[in-house]
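The following note concerns the ligand and metal sites of the model shown below. Its points are numbered for ease of reference.

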Amino acid sequence: MKLFSVARRLLPEFGLLLCGIGMGVGLTYMIAHAIRLQEGRAELKTYAQRLVEAGDELGVENNQAIDAVTHDNLPFCSEPEIAFMRDYVFHSPHIRDIGRTKGGMLYCSAGVGKLAQPEATSAPDIATGGLKLNLRAKSLISANTMGFVVEKYGVMLILNPEAIQNFEDPPKYFSGFLFDRLSQSLKQTFGPAIPLSVDEVAEGEPVERNGILYQPLCSQTSMVCQVAAESREDVLAGGGYLFTGFPIGGALLGIALAWIAILYYHRQRSMERQLRRAIRKGALTIAYQPVVNLDTGIIVGAEALVRWEDRSGKAVKPDIFVSIAEEGGYVSDITRLVLRKAINEMADLLAAGNFKITLNITAEDLRDRRTFDLLEQCIRSAGLSPACIGLELTERSTSDQAVAIRAISDLRLAGHRVYIDDFGTGYSSLSYLHRLAVDAIKIDQSFTQTVGTGAVTATVVPLILKMAYELGLMVVVEGIETNEQAEYFRKAGAGLLAQGYLYGKPVSAAQMKWLVLDRDRFK
Ligand code: C2E
Ligand code: MG
Ligand code: MG
């Protein structure tokens, strides 16, 4: 039973560990896969390159042979010329035979000597620039063998068709072509047929079709084009070392990541537990940041900002713990604590008049009647007017329009002012703002800080001010830190309110009261 409860408690950790290992292995498997394919493509390219180079070398050898025979200064098909051709064939690595032709007739060859009767040569498969090519013509040496025949200037060469095919580690498939750029025609010289278009071969880019990777490559100097090909399956099968090494590394990486995630999860859980306890004990405190009239500099109110120190006495940012409470679904507990404390701490100042406070509320508060009921109850028992408590909600928290519109309307009917906080950071359009029917907007500090910097967002500020003016909305400018920023907004419109470090950082209730007593100091 105990074992079962321990296992249940460790379920999230176990889940994180499995997720981490799964993700690590999956990720590295994908990386190994990509690396192997890249390697496979590079190998195909190298092979195609070697084939092309061999084809080019063969072309050079052909030209030299044709050149040698046409300049042998020996009578056509004479015994000395036949002897010269025999000697050439004997020393050539790839030429099997050399013959001499005239007017489409073959007269003699190194292999058979002078023909008793001249023989007609076969029609070429490719004829370009005086060069004729026969991919499979009858050999001169023996009538039964076929060869690759090149003919130019009355010299006919029979080539060894394997001349460019015998390399080490060949890919599964490779095919040779001759590409006539003038007529854009492609003739296959050897190898299996490939499903690539003429353009695809000429472009020389890798192509994958039906699970086979093709690497075409054409020579820059000759008609030679080669295509090396291998199935994706065979390429991946060649990467065994990657597929064992990488996932092991990936699993270790996954364990490390899961460990970090588990630590983070524990920290969050511990933070959440501490936060819940602090809320239960009412251990959160409130800081108040002055809001001033920009024209006169007089403090007209303050924003109540919640503060919390964790067990170690470290202040946790409200953005962080408020989101934790939002995710946990108990942020309204914070709101209720803040409103109770703030009204309690500020009741005397608020009752004296000319001073208002605003409280931050969230989407959850808009749906939770208990928060507003408590607000009215606290206001009544402190003998205050609802007008001295304003409520700030961000654009994000108004995403459920119907709920937001009803709650805002209820709050305003009850006599509160409603503000849209951090205005400009959301996506609310003018008509949306109109429909929400709020009293004021608080221009987000990110806009304030761009004033005078030439940033694009700075150009939005006059538009926001104009829009607010047209909708009859009060404006609070947040985050004023410099005199230049204050000056800019002072010139931009009368009656704006401001909040920021220039006028005061958030302070305790006691300090806030002291500041209000001294409120004329910004005059
Ligand atoms: P907010 O409502 O927009 O509050 C203004 C924030 O800007 C405050 O940060 C304030 O200290 C800071 N600030 C004011 N003037 C300046 C300035 O001149 N320069 C700069 N750089 N910052 C300035 P804080 O107190 O850290 O609060 C952060 C956010 O946490 C608040 O943004 C609000 O969204 C949330 N928050 C704070 N208190 C509560 C609360 O009681 N309830 C809820 N739901 N959210 C709260
Ligand atoms: Mg606020
Ligand atoms: Mg704000």
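**Note on the ligand and metal sites**

1. Ligand 1 is surrounded by 22 residues, with Gln289, Glu303, Asp421, Glu481 and Tyr501 the closest; a residue is near a molecule if one of its heavy atoms lies within 4 Å of it. This is a predicted model, in which local features need pLDDT of at least 70, side-chain atom pairs count only at pLDDT 80 or more, and totals for chains, interfaces and linings use all residues. Residues are numbered from 1 along each chain as its sequence is written, chains are lettered from A and ligands numbered from 1 in the order in which they are written, and side-chain values use heavy atoms, with hydrogens and water left out.

2. Three polar contacts (pairs of N or O atoms within 3.5 Å) deserve mention. The side chain of Gln289 places an N or O atom 2.9 Å from a nitrogen atom of ligand 1. Oxygen atoms of ligand 1 are also engaged: one lies 2.9 Å from a polar side-chain atom of Arg307, and one is 3.2 Å from a side-chain N or O atom of Glu478. The protein buries 85% of the 790 Å² that ligand 1 exposes when taken alone (accessible areas by the Shrake-Rupley method with a 1.4 Å probe).

3. The shell around ligand 1 comprises 8 nonpolar, 6 polar and 8 charged residues; Ala, Val, Leu, Ile, Met, Phe, Trp, Tyr, Cys and Pro count as nonpolar, Asp, Glu, Lys and Arg as charged, and the others, Gly among them, as polar. At least two shell residues come from each of β14 (299–309), α7 (318–328) and β18 (417–423), and β14 gives the most, with 4 residues. Helices (H or I, at least four residues) and strands (E, at least two) are DSSP runs, numbered from the N terminus.

4. The magnesium ion (ligand 2) has as protein donors Glu303 (OE), Asn360 (OD1), Glu392 (OE) and Asp421 (OD), at 2.0 to 2.3 Å. Donors are N, O and S atoms within 2.8 Å of the metal (3.2 Å for Na, K and Ca); water is not among the atoms, so sites may look incomplete. Along the chain, the donors of ligand 2 follow the spacing E-x56-N-x31-E-x28-D. Asn360 in strand β16 (residues 356–361) and Glu392 in strand β17 (residues 389–394) are 32 residues apart and link distant parts of the chain.

5. Asp421 (OD), Asp422 (OD) and Glu478, the last listed with two OE donors, coordinate the magnesium ion (ligand 3) at 2.0 to 2.5 Å. The spacing of these donors is D-D-x55-E. Asp422 in strand β18 and Glu478 in the loop between β20 (474–477) and α15 (483–492) are 56 residues apart.

6. The two magnesium ions, ligand 2 and ligand 3, lie 4.0 Å apart and are bridged by Asp421.

Terms used. A polar contact is a pair of N or O atoms within 3.5 Å; within protein, one must be able to donate a hydrogen and the other to accept it, and residues adjacent in sequence count only if both atoms are side-chain atoms.
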